[in-house]
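Subject: Handing over the structure

Hello,

Here is the structure I promised to pass on to you. Have a look at it first, and then read on for what turned up in it.

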Amino acid sequence: MANRNPIALALLSVLALSLPVWASPTVPVLIVGASDLPELTVLGARLSAVAQGSAHAGATLPMSTPLTVRATGHGLEVRRGDQPAQIVHRLTIAPQSNALTLQWGTAHKAVAAPVTISLRKGRLWVVADIAEDTYLGGVLAGEITPSAPWEALKAQAIVARSFLYQSRERHGVHQALVCDQSHCQRMVAASAVALALRKAVSDTAGLVVTGAHDTPVPVYYHASCGGTTTAVRQVFGGPDWAHLRGVADPVCATEPGWTVSQPLGACLAALTKSKLFVPAGATDFTVTDRSGTGWPITVSVAAPLPKQLDAYTVWLAFGAAWGWGKVPGLHYDLHREGDVVLITGRGLGHGIGLCQRGMMGRAAMGHKAATILAHYFPGTRVHAR
Ligand SMILES: [Zn+2]
Ligand SMILES: [Zn+2]
């Protein structure tokens, strides 16, 4: 019998310890936490709950529903029916069958995974441990129709998985890798995930977009580019990734444009609300600098003391003030006409990386998922991570 090599064993244990948190088969997804949420109710047939707190460390709370959890200055206040309230600092709840439901205000969310509720900055912070494939299926359900061409479904699954693996810094310091909103990738409830979407996830298992030496590279995607994608550096700044430069996308070139009209005052108020400096006596806006592919970089505000603003930041300010779909894309132009500012543009979203409209068109023309991804991420290939 061969001796076990102690060095190899030691190395194995070091490797096991150094595995990053996102390598686990589940994904910690922030389910609730983006808004000011003082109280929620947990509904679900058979719950087993474990509370961790100074007074109730490790105590298993009797199964009981509904369970009301409230943020207080002392910790989480947990109430079950007529029972006296308990204060704990963390609560883990597992559905024993199907899903549990979280309810707050008029909103509710079904979650088929264990959920941990804690406090962050006085608000409830709810993280669900969701199996990776379930998470990716939920993302696909939010991003693409199951009747899309098969190679488009596969391309979307690969790009969603790539995005997940690059997202570790987004919420990582607070026990969540990603949130279920479009800030990361929007995820819908598992019950709404069609078979074709689940198959696209399982058929591409482990595949991501990779660059040199088959190392995973950052990816982004958007709904429609309007004819050309844009370079990541011109929008987010940071490294000038070669695979995230703008590429031509003739599939989208015939896409009709859009026009949004807003009073000048509403535009100025939107900028101020987002804490952008707006000069006194502002009278007009113009895009004064564009990328080689026509995407706006700088917006100038006409005023006695004119001001230049970053075009992406202006777009975010409009979205924050009026709702994210109001000015649908970053490829915009704007100018004043009478009392209003006309914002015209084409494409939907930030224009970086994969264009989903182009992806659908290319898949319908018979392109394979890897070919589609290599078009939008030049110099990359699809490889197991
Ligand atoms: Zn997020
Ligand atoms: Zn496109």
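To start with one detail: in what sense do β2 and strand β9 (residues 100–104) pair, and over how many bridges? The pairing of β2 with β9 is antiparallel and runs over three bridges. Within it, V42 has L102 of β9 as its bridge partner.

Before going further, please keep in mind that this is a predicted model.

**The overall picture**

The protein contains 10 helices and 23 strands. Of its 385 residues, 39% are buried. Among the contacts with a separation of 6 or more, 65% join residues that are 24 or more positions apart.

**The six-stranded sheet**

Strand β2 belongs to an open sheet of six strands, ordered β7-β6-β5-β2-β9-β10, and the pairing in this sheet is antiparallel. Its edge strands are β7 (86–88) and β10 (107–111), each of which pairs on one side only. On average, neighbouring strands here are turned by 25 degrees against each other, ignoring direction.

Besides β9, strand β2 pairs with β5 (residues 67–71), again in the antiparallel sense, this time over four bridges. Two positions are worth finding on your screen: T41 stands opposite T68 in β5, and E39 has R70 of β5 as its bridge partner.

Which residues of β2 (residues 39–43) lie on its covered face, and which on its uncovered one? L40 and V42 are on the covered face, while E39, T41 and L43 are on the uncovered face. As background, side chains in a regular strand alternate between the two faces of the sheet.

**The nonpolar core**

The largest nonpolar core has 97 residues, and those touching the most other members are V29, I31, L140, V159 and L373. Helix α3 (residues 150–166) gives this core its largest share, nine residues.

I31 is a good one to click on. Leaving out neighbours within four places in sequence, I31 is in contact with L102, K109, V111, V115, V126, V127, A128 and D180. One of these contacts, L102, is the β9 residue that bridges to V42, so to speak a link back to the sheet above.

**A look at L119**

L119 sits in strand β11 (residues 115–120). Is L119 buried, exposed or partly exposed? L119 is partly exposed, because 18 other C-beta atoms lie within 10 Å, and a residue counts as buried at 20 or more and as exposed at 12 or fewer. Not counting residues up to four places away in sequence, L119 touches A71, G75, L76, L124 and W125. L119 and P38 are 81 residues apart in sequence, and their C-alpha atoms are 9.8 Å apart in space.

**Helix α7 and its surroundings**

In helix α7 (residues 264–273), the buried residues are C267, A270 and L271. Why do they fall on the same side of α7? They do so because the arc they cover around the axis is only 95 degrees. In general, an α-helix has 3.6 residues a turn, so residues three or four places apart point the same way. G265 and K273, on the other side of α7, are exposed.

What do the buried residues of α7 pack against? Their partners are β16 (258–263), β17 (284–290), α8 (311–322) and β21 (340–345). Just after the helix, K275 takes a positive phi of about 65 degrees.

The packing of α7 with α8 is at an angle of about 100 degrees, and the two axes are 8 Å apart. The two helices are therefore roughly perpendicular to each other. On the α7 side the contact is made by A269, A270, L271 and K273, and on the α8 side by V314, A317, F318, A320, A321 and W322.

**The three-stranded sheet**

Strand β17 also forms part of an open sheet of three strands, in the order β17-β18-β19, with antiparallel pairing. β17 and β19 (307–310) are at the edges with a single partner strand each, so one side of each has no neighbour in the sheet. From one strand to the next, the twist averages 30 degrees.

β17 and strand β18 (residues 296–302) pair over six bridges in the antiparallel sense, and V287 has V299 of β18 as its bridge partner. α8 packs on this sheet, touching β17, β18 and β19, and its direction makes about 75 degrees with that of β19.

Enjoy exploring it!

Best wishes

Methods. Residues numbered from 1 in each chain as written. Chains lettered and ligands numbered in written order. Predicted model: local features only at pLDDT ≥ 70, side-chain atom pairs only at ≥ 80, totals over all residues. Pairing = 2+ DSSP bridges. Contact = placed C-beta atoms within 7 Å. Axes fitted to C-alpha atoms, helices over the stretch in contact; angles between N-to-C directions. Arc of directions from axis to C-beta. Core = buried A, V, L, I, M, F, W, Y, C linked by C-beta atoms within 7 Å. Parallel < 35°, antiparallel > 145°, perpendicular 65-115°, else oblique.
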